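Here are some worked exercises to try with the coordinates open in your viewer. Have a go at each task before you read its solution.

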Amino acid sequence: MNLFQLTTNNSSSVLRTIDLFAGIGGIRLGFEQVGFKTVFSNDFDKDCKTTFDCNFKKPNLTLHDIKTLDTDSIPEFDVLLGGFPCQAFSIAGYRQGFQDTRGRGDLFFYIASILETRKPPIFMLENVKNLVGHDKGKTFKVIMQTLKDLGYSVTYKVLNTFEYGNLPQNRERTYIIGFLDPQTLNRFEFPEKIPLTVNFKDFLEKDVKEKYYYKGKPLYKKIKDSITSKNTVYQWRRQYVRENKKGLCPTLTANMGTGGHNVPIILDDRGIRKLTPRECFNLQGFPKTYKLPKLADSKLYKQAGNSVSVSVIQRIAEKIILATQQ
């Protein structure tokens with residue numbers, strides 16, 4: 001069955017997406033690169049809106065807390081996309097139903113409520129690797145059962161960016177895909193692993209400002225004797241330097257540059273320095289044409305760390321298209 005037979009309100013062959021917890025648009029970008037059309041994007045972070053609106057034409061980012069988002073205000077769509085935060089919730093809470101759990105901070109249930117009300121044929125959700133084992137697996141069990149109870153056939157897989165996105169970053173994320181049509185799920189396959197053909201050096205800037213170098217700064221004395229190779233990305237782990245021996249960049253995080261969580265460190269021809277915000281965006285697969293606004297570096301690091309690896313998303317989107325067109 002062609003999936004478009006299920007979308008009675010869509011006469012076009014282009015699948016329309018909505019992007020929840022959109023951040024800076026990494027998921028949107030990956031899906032649009034293979035032909036999906038975004039009709040709605042939402043987040044509550046005003047700094048993300050600044051970056052997002054620099055890079056995307058309409059629709060711009062709707063700045064709204066999903067807890068008070070009017071579902072009826074969302075345009076017609078075929079695919080729900082969401083990189084939702086992982087929050088603990090109990091099986092007891094789940095058993096009380098969607099309406100009772102709304103308002104308790106369990107953000108997944110706001111997605112579930114939209115799925116329940118609008119019944120899009122497809123969804124894709126993204127989260128951290130640890131979602132699968134969170135609370136001894138109870139959280140993930142509730143999520144999967146909830147999605148199945150809503151009538152979806154569901155699958156998931158943990159994918160690492162360097163294995164599936166041809167980006168030299170060690171980044172494992174959980175991807176959950178659902179279809180209303182079980183036959184479409186039968187045709188869907190996650191992308192296969194691909195060789196890593198690039199090096200982190202391919203993503204570095206040529207002219208880096210002096211402020212990113214550590215010489216003359218308090219941390220320099222603690223790290224200078226441990227950072228000796230130009231072929232390695234390092235991390236300062238509060239008390240010691242960790243060397244990433246596989247030549248990969250460690251997972252970029254939202255906490256980079258704050259609270260003792262340092263940005264990955266490298267040694268280049270000028271000395272020891274941290275990665276720049278642009279380099280972090282590069283290592284997430286954002287194109288060189290993606291604009292970075294004039295925000296504090298700490299905010300740009302957070303946005304890069306909170307985002308997704310665009311090339312992994314793009315490959316998943318390609319597989320979704322293949323599953324729906326057979």
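## Exercise 1: a serine and its partner

In this predicted model, a polar contact of 3.4 Å joins the side chains of serine 41 and arginine 28.

**Task.** Find where serine 41 sits, and decide whether serine 41 is buried or exposed.

**Solution.**
- Start with the secondary structure: serine 41 belongs to strand S2.
- Next, check the accessibility. Serine 41 comes out at 0% relative accessibility, and the cut-off for buried is under 20%, so serine 41 counts as buried.
- Finally, list the surroundings. Skipping neighbours within four places in sequence, serine 41 is in contact with Asp19, Ala22, Arg28, Phe52, Asn60, Leu61 and Thr62. Arg28 is the partner in the polar contact as well.

## Exercise 2: two helix pairs

**Task.** Work out how H5 is oriented relative to H6, and do likewise for H2 and H11.

**Solution.**
- Take H5 (residues 108-118) and H6 (residues 138-149): their axes come within 10 Å and cross at roughly 10 degrees. Angles under 35 degrees count as roughly parallel, so H5 is roughly parallel to H6.
- On the H5 side, the contact is made by Phe108, Phe109, Ala112 and Leu115, and on the H6 side by Val142, Ile143, Thr146 and Leu147. Sort those residues by type and you get seven nonpolar, one polar and no charged.
- Now the other pair. H2 and H11 (residues 297-306) pack at an angle of about 80 degrees, with axes 11 Å apart. The window for roughly perpendicular is 65 to 115, so H2 is roughly perpendicular to H11.
- Here H2 contributes Asp47, Cys48 and Thr51, while H11 contributes Lys299, Leu300 and Gln303. This contact splits into two nonpolar, two polar and two charged residues.

## Exercise 3: the core

**Task.** Which element gives the most residues to the largest nonpolar core?

**Solution.**
- Begin with the hubs. The largest nonpolar core has 31 residues, and Leu20, Leu80, Phe123, Leu125, Leu147 and Ile176 touch the most other members.
- Then map the core onto the fold: strand S1 (16-20), strand S2 (37-43), H5, strand S5 (122-128) and H6 each give two or more residues. H5 gives the most, with seven.
- There's a second, separate core too, with 30 residues, including Leu167, Tyr212, Ile266 and Ala304.
- Cross-check H5 by burial: eight of its 11 residues are buried, so H5 is mostly covered. The buried ones are Phe108, Phe109, Tyr110, Ile111, Ala112, Ser113, Ile114 and Leu115.
- Zoom in on one hub, isoleucine 176. Not counting residues up to four places away in sequence, isoleucine 176 touches Phe123, Met124, Leu125, Leu131, Phe140, Ile143, Met144, Leu147, Val154, Thr155 and Tyr156.
- For background, nonpolar side chains tend to be buried together in soluble globular proteins.

## Exercise 4: backbone oddities

**Task.** Where are lysine 119, asparagine 166 and proline 59 found, and what do their backbones do?

**Solution.**
- Set the baseline: most residues other than glycine have a negative phi, and most peptide bonds are trans.
- Lysine 119 has a positive phi, near 50 degrees. Lysine 119 follows H5, in the loop between H5 and S5. With a relative accessible area of 35%, lysine 119 is partly exposed.
- Asparagine 166 also has a positive phi near 50 degrees, and lies in the loop between helix H7 (161-164) and strand S7 (172-179). Its 23% relative accessibility makes asparagine 166 partly exposed.
- Proline 59 is joined to lysine 58 by a cis peptide bond, with omega about 0 degrees. Look for proline 59 in the loop between helix H2 (46-55) and strand S3 (61-63).

## Exercise 5: a loop threonine

**Task.** Is threonine 232 buried or exposed, and which side chain makes a polar contact with its own?

**Solution.**
- Locate threonine 232 in the loop between helix H9 (220-223) and strand S8 (233-236).
- At 6% relative accessibility, threonine 232 counts as buried.
- The polar contact is with the side chain of serine 229, at 3.5 Å.
- Beyond neighbours within four places in sequence, threonine 232 is in contact with Phe200, Glu243, Asn244, Ile265 and Ile266. Ile266 also turned up in the second core.

Terms used:
Residues numbered from 1 in each chain as written. Predicted model: local features only at pLDDT ≥ 70, side-chain atom pairs only at ≥ 80, totals over all residues. Heavy atoms only, no water. Helix = DSSP H or I, 4+ residues; strand = E, 2+ residues; numbered from the N terminus. Buried < 20%, exposed > 50% of the residue type's maximum accessible area, 1.4 Å probe, protein only. Polar contact = N/O pair within 3.5 Å; in protein donor to acceptor, adjacent residues only side chain to side chain. Contact = heavy atoms within 4.5 Å. Axes fitted to C-alpha atoms, helices over the stretch in contact; angles between N-to-C directions. Parallel < 35°, antiparallel > 145°, perpendicular 65-115°, else oblique. Nonpolar A, V, L, I, M, F, W, Y, C, P; charged D, E, K, R; others polar. Core = buried A, V, L, I, M, F, W, Y, C linked by side-chain atoms within 4.5 Å.
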